[in-house]
Amino acid sequence: APVTDVQFGPMRLRQDQLQVLLVFAEDDDQSNGFRWACEKAGFRCNIARTPESALECFLDKHHDIIIIDHRHSRYFDAEALCRSIRTTKPSENTVIIAVVQRHADREESSILPLISAGFSRRYVENSSRMACYNELIQLEFGQVQAQFKLRACNSLFAALEKSQEAIEITSEDHVVQYVNPAFETMMGYQIGELIEKQLTEVPINEKKADFLETINSCIKIGKEWQGMYYAKKKNGDSIQQNVKILPVIGQGGKIRHYVSISRLCNDNNKAEKTCECIQAESQTDIQTCRQKDMRKGSLDVRSTTSRGSDGSSQRRRSSMARVHSMTIEAPITKVINIINAAQESSPMPVAEALDRALEILRTTELYSPQLGTKDEDPHTSDLVGGLMTDGLRRLSGNEYILSAKQTHQVSGSLSSPISLNDIPPRITEAMENEEQWDFDIFELEAATHKRPLVYLGLKIFARFGICEFLNCSESTLRSWLQVIEANYHSSNSYHNSTHSADVLHATAYFLSKEKVKQTLDPIDEVAALIAATVHDVDHPGRTNSFLCNAGSELAILYNDTAVLESHHAALAFQLTTRDGKCNIFKNMERNEYRTLRQVIIDMVLATEMTKHFEHVNKFVNSINKPLAALEENGNNGDGESIKTVLRSPENRILIKRMLIKCADISNPCRPIEQCIEWAGRISEEYFAQTDEERRQGLPVVMPVFDRNTCSIPKSQLSFIDYFIIDMFDAWDAFADLPNLMEHLNNNIKYWKGLDARNLRVLRPPP
């Protein structure tokens, strides 16, 4: 018999040949039409003439579809037969159809009596064979397949019922919907005492409210959270639980259920207890639970362990059982093992403090601040949500397809200089002070008709001797710069080749600072300048979140992870190596090329904002603090100690990442007029994204960026406060950039002045 594969979540199901029962007192064109349709569709077909034989046949065969003749009441009562069938257990997932008369001259009758009798739907008589066939096929791929999936749920509930782990399921409103026998045994409740009760009515968790508030900062962005808390049994005893939480999405793309799975430690500590709470909350909560400003508070990590005496000795004894031994230990595992060992001989307050430290260490987002949500700034909230997440992972029929495969070719009409000596005077004049921080990229943009990257690239690359290092000609470099610039979208208000040229300029400026020169090798400088040039190539003017929500080809290709940054790096090498005329790497030795390529890719990927705090915190802890300690200890002149800090391979990587990150978002540290221009451009790009999201019916990632209501001063202040100040404080402490910090302070004052006057625009009115 033919079978069909049906996908149900992660389950792969095999659906056998469908069985159909026809209940017709006499043969006629209608019954013959359905019989022919069953044969054509490959379904097994049985025919019953009476209600008694129909019921007997169904109980024997358990048909998937029953079609009952409802046209002639003189033969049998079709509704009574349907009710009889529905009283049987096998009919729970059967689709029952009523064939009703066609009355062209009579008003349409209600279907409710049929529904009340147990029919799934009606079929208005039509003896056309193809009409009957179409009806069966629609049933097969609609209601029958849905019922087949529901039957598969029985196997899942059978597993839950027999599971040795305690399982509890609640609704999004925290109403208990199911608990299994193991839960009843563990917690001392009977299922009837819990079903349809609010969790607040059942004191299972001593600190439920505090627990939910603590974990909210993690699950709001779809991340798993793991920690420990005490549950209280019906008799009042406390039991320690270790929880893992993640959101489960149901109807309408919203989170609909909470599922809790727990397993207790035994007394001799040989079994590790785990508890998984698959948590759910409304989509609104996910949108509103944003991270607070980093500078306004420290990590909001609350203790989720009981301070009481109940279970405290068990807590001490179980500390070592929480970490499994590993054949190859990662550094974080060694740290956790050291803390666990220290707990064994520590007083209770110290042991509990170490437990809270372990909870933090076991999270995956060690460097992203978990901040509160009260009194938050919506501008900060939207910026964080838009820049530091990869979308809501919401399925959508809309597609945003990037023209990644249609990369721009350099046309012969592009007139570029043969060499630096052929640059027109106006462009030469615009680049005169390119070594200074106050260099005006917009003047060069105007002079080059929006192609500043080729000209500025030629000059900066010549200053750093890039052609000599790569062993390539200036014409090859020029062709490469042309190809790269042609693949930036001039239609983007912000992410165009002018932004690339601006980042290239900032990168070159940072490379000229003494501390940076002490740290990096020539290959690092070459990699940094190339990475700056290509870091946003083929940017569509939309964020990663947008592409993920739209189900774009790039998001699918890169698994919703660092989508754009991965694309920029990959495309840059594709464009470079596909044509020898622009392949600046073609004369490099293989190993040197691989090293250079690795550094370029690492720097481009470092511009992705989801790891912003990780990069900044690592820089502060590995670079700033050790250098400050040497200075405080009077070792400022100890060149060897400083060199040890600066020249280690790990620290050089951190410095290169920090360098390109600061270059990429240095707009708030530019002179005021440039800062204002960049603010207008990025705002326009975000406005355009919001417009498109609303047109396509996609989730609006940054709703505050509505061109009709957005306050640009507020958005700039939020971005500066959340992302810029700490990063540039750290970079300035390393590279010594007093002029940048002065511009930053002036720009903050400017935006605050506009905001104080409740102005939402870039500039005050004349």
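The legends below accompany several close-up views of one predicted protein model.

Residues are numbered from 1 along each chain as its sequence is written, and side-chain values use heavy atoms, with hydrogens and water left out. Because the model is predicted, local features need pLDDT of at least 70 and side-chain atom pairs count only at pLDDT 80 or more, whereas totals for chains, interfaces and linings use all residues.

**View 1. The whole protein chain, with 30 helices and 13 strands.**
Helices (H or I, at least four residues) and strands (E, at least two) are DSSP runs that are numbered from the N terminus. Of the 766 residues of the chain, 51% count as buried, where buried means under 20% relative accessible area, exposed means over 50%, and partly exposed lies in between (1.4 Å probe, protein chains only). The accessible surface, taken from the Shrake-Rupley method with a 1.4 Å probe and with only the protein chains shown counting as cover for residues, comes to about 35300 Å², and 50% of it belongs to carbon and sulfur atoms. Among contacts (heavy atoms within 4.5 Å) between residues at least 6 apart in sequence, 72% join residues at least 24 apart.

**View 2. Helix α17, residues 474-486.**
This helix has 13 residues and reaches 18 Å from its first C-alpha to its last, close to the 18 Å expected at 1.5 Å a residue; the expected span is 1.5 Å times one less than the number of residues. Because 10 of its 13 residues are buried, α17 is largely enclosed by the rest of the structure. Among the buried residues are T476, W480, V483 and E485. The buried residues of α17 pack against α15 (452-463), α16 (466-470), α18, α20 (522-534) and α23 (563-577).

**View 3. S497 and T498 in helix α18, residues 497-511.**
The UniProt annotation "binding site", from an unreviewed entry, covers H495, N496, S497, T498, H499, D536, D664 and Q716; UniProt positions are given in the numbering used here, feature names are shortened, and annotations may be inferred rather than shown by experiment. S497 counts as buried at 6% relative accessibility, and T498 likewise counts as buried, at 1%. Not counting residues up to four places away in sequence, S497 touches K450, P452, L453, E485 and Y488. With neighbours within four places left aside, T498 is in contact with I441, F442, E445, P452, W678 and R681.

**View 4. The pair H499 and D536, joined by a side-chain polar contact of 3.1 Å.**
A polar contact is a pair of N or O atoms within 3.5 Å; within protein, one must be able to donate a hydrogen and the other to accept it, and residues adjacent in sequence count only if both atoms are side-chain atoms. H499 is placed in helix α18 and counts as buried at 0% relative accessibility. D536, in contrast to a helix position, lies in the loop between α20 and α21 (544-550), and with a relative accessible area of 7% it is buried. Apart from neighbours within four places in sequence, H499 is in contact with Y494, H535, D536, D664 and W678. On the same basis, D536 is in contact with Y488, H495, H499, H568 and D664.

**View 5. Helix α30, residues 738-756, with a buried and an exposed side.**
The helix has 19 residues and reaches 27 Å from its first C-alpha to its last, close to the 27 Å expected at 1.5 Å a residue. Its buried residues are L740, M741, H743, L744, N747, I748, W751, L754 and D755. They cover an arc of only 155° around the axis, which puts them on the same side of α30; the arc is that of the directions from the helix axis to the C-beta atoms. An α-helix has 3.6 residues a turn, so residues three or four places apart point the same way. On the other side of α30, P738, E742, K749, K752 and A756 are exposed. What covers the buried residues includes α18, α28 (672-696) and α29 (712-735). Just after α30, N758 takes a positive phi of about 60°.

**View 6. D755 in helix α30 and the residues in contact with it.**
Leaving aside neighbours within four places in sequence, D755 is in contact with S711, P713, K714 and L717. A polar contact of 3.0 Å joins the side chains of D755 and K714. The C-alpha atoms of D755 and S711 are separated by 8.0 Å, although these residues are 44 residues apart along the chain.
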